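The paragraphs below lead through a single protein chain, beginning with its overall dimensions and going on to its core and a few individual side chains. Please keep the structure in view while reading.

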Amino acid sequence: MIRLGGSLGTAALAIILQLAIRASVPGATGNLRQAATLHTPELSAQLTAAFTQTFWWAAGLAALSLLPVLCLPRRSKASTG
């Protein structure tokens, strides 16, 4: 499950980054190398916005993954000792 989750999470974040680049950089197709060849004055701010958006998606998914942990039963002190 860990390997599958890691692979799917990485693929999902790569797609989110591609979509964010496409939305933030006019004329870009989502490819970072292609976007870097545009050489506009606003390019660094646009790519920063795309990476920032992807970071917040990653942070949100990490926070969401903590919710099931809160539902786990706690061990009582009598069963640990």
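In this predicted model, 16% of the 81 residues of the protein chain count as buried. The overall dimensions can be set beside that figure: the radius of gyration is 19 Å, whereas a compact globule of 81 residues would have one near 12 Å, and the C-alpha trace spans about 65 × 25 × 15 Å along its principal axes. The accessible surface of the chain comes to about 6500 Å², and 69% of this area belongs to carbon and sulfur atoms.

The secondary structure consists of four helices and zero strands, so that, by the run-based assignment of helices and strands, the order of elements from the N terminus is α-α-α-α. Among the contacts with a sequence separation of 6 or more, 37% are made by residues 24 or more positions apart. One of the helices, α3, has 28 residues and reaches 42 Å from its first C-alpha to its last, which is close to the 40 Å expected at 1.5 Å a residue.

Where does the largest nonpolar core lie? This core has nine residues in all, namely Leu17, Ala20, Ile21, Val25, Ala28, Ala35, Leu43, Leu47 and Ala50, and the helices α1 (2-24) and α3 (43-70) each supply at least two of them. Within the core, Leu17 can serve as a starting point, since, apart from residues up to four places away in sequence, Leu17 touches Ala50, Phe51 and Thr54.

Seen from the side of α3, the buried residues are Leu43, Gln46, Leu47, Ala50 and Thr54, and what covers them includes α1 and α2 (32-36). An α-helix has 3.6 residues a turn, so residues three or four places apart point the same way. With that in mind, the reader may follow the buried positions of α3 along the helix, from Leu43 through Gln46, Leu47 and Ala50 to Thr54.

Two of these positions carry polar side chains and deserve a closer look. Why does Thr54, in helix α3, count as buried? The relative accessible area of Thr54 is 10%, and because the limit for a buried residue is under 20%, Thr54 falls within that class. Leaving out residues up to four places away in sequence, Thr54 touches Leu13, Ile16, Leu17 and Ala20.

Gln46, which is also found in helix α3, has a relative accessible area of 16% and is therefore buried by the same limit of under 20%. Its contacts, neighbours within four places in sequence left aside, are with Ser24, Val25, Pro26 and Thr40. Of these partners, Thr40 has its place in the loop between α2 and α3 and is partly exposed, with a relative accessible area of 35%. Thr40 and Val25, both of them contacts of Gln46, are 15 residues apart in sequence and 9.6 Å apart in space, C-alpha to C-alpha.

The last feature concerns aromatic rings, for which the count comes to one pair. That pair is formed by Phe55 and Trp56 in an edge-to-face arrangement, with 5.1 Å from centre to centre and 70° between the planes. Are these two residues buried or exposed? Both Phe55 and Trp56 are exposed, whereas Thr54 is buried.

Definitions and conventions. Residues numbered from 1 in each chain as written. Predicted model: local features only at pLDDT ≥ 70, side-chain atom pairs only at ≥ 80, totals over all residues. Heavy atoms only, no water. Core = buried A, V, L, I, M, F, W, Y, C linked by side-chain atoms within 4.5 Å. Buried < 20%, exposed > 50% of the residue type's maximum accessible area, 1.4 Å probe, protein only. Helix = DSSP H or I, 4+ residues; strand = E, 2+ residues; numbered from the N terminus. Contact = heavy atoms within 4.5 Å. Rg over C-alpha atoms; globule rule 2.2 N^0.38 Å. Areas by Shrake-Rupley, 256 points an atom, 1.4 Å probe, with all protein chains shown as cover. Expected span 1.5 Å × (residues − 1). Phe/Tyr/Trp six-rings, centres within 6.5 Å; stacked < 30°, edge-to-face > 60°.
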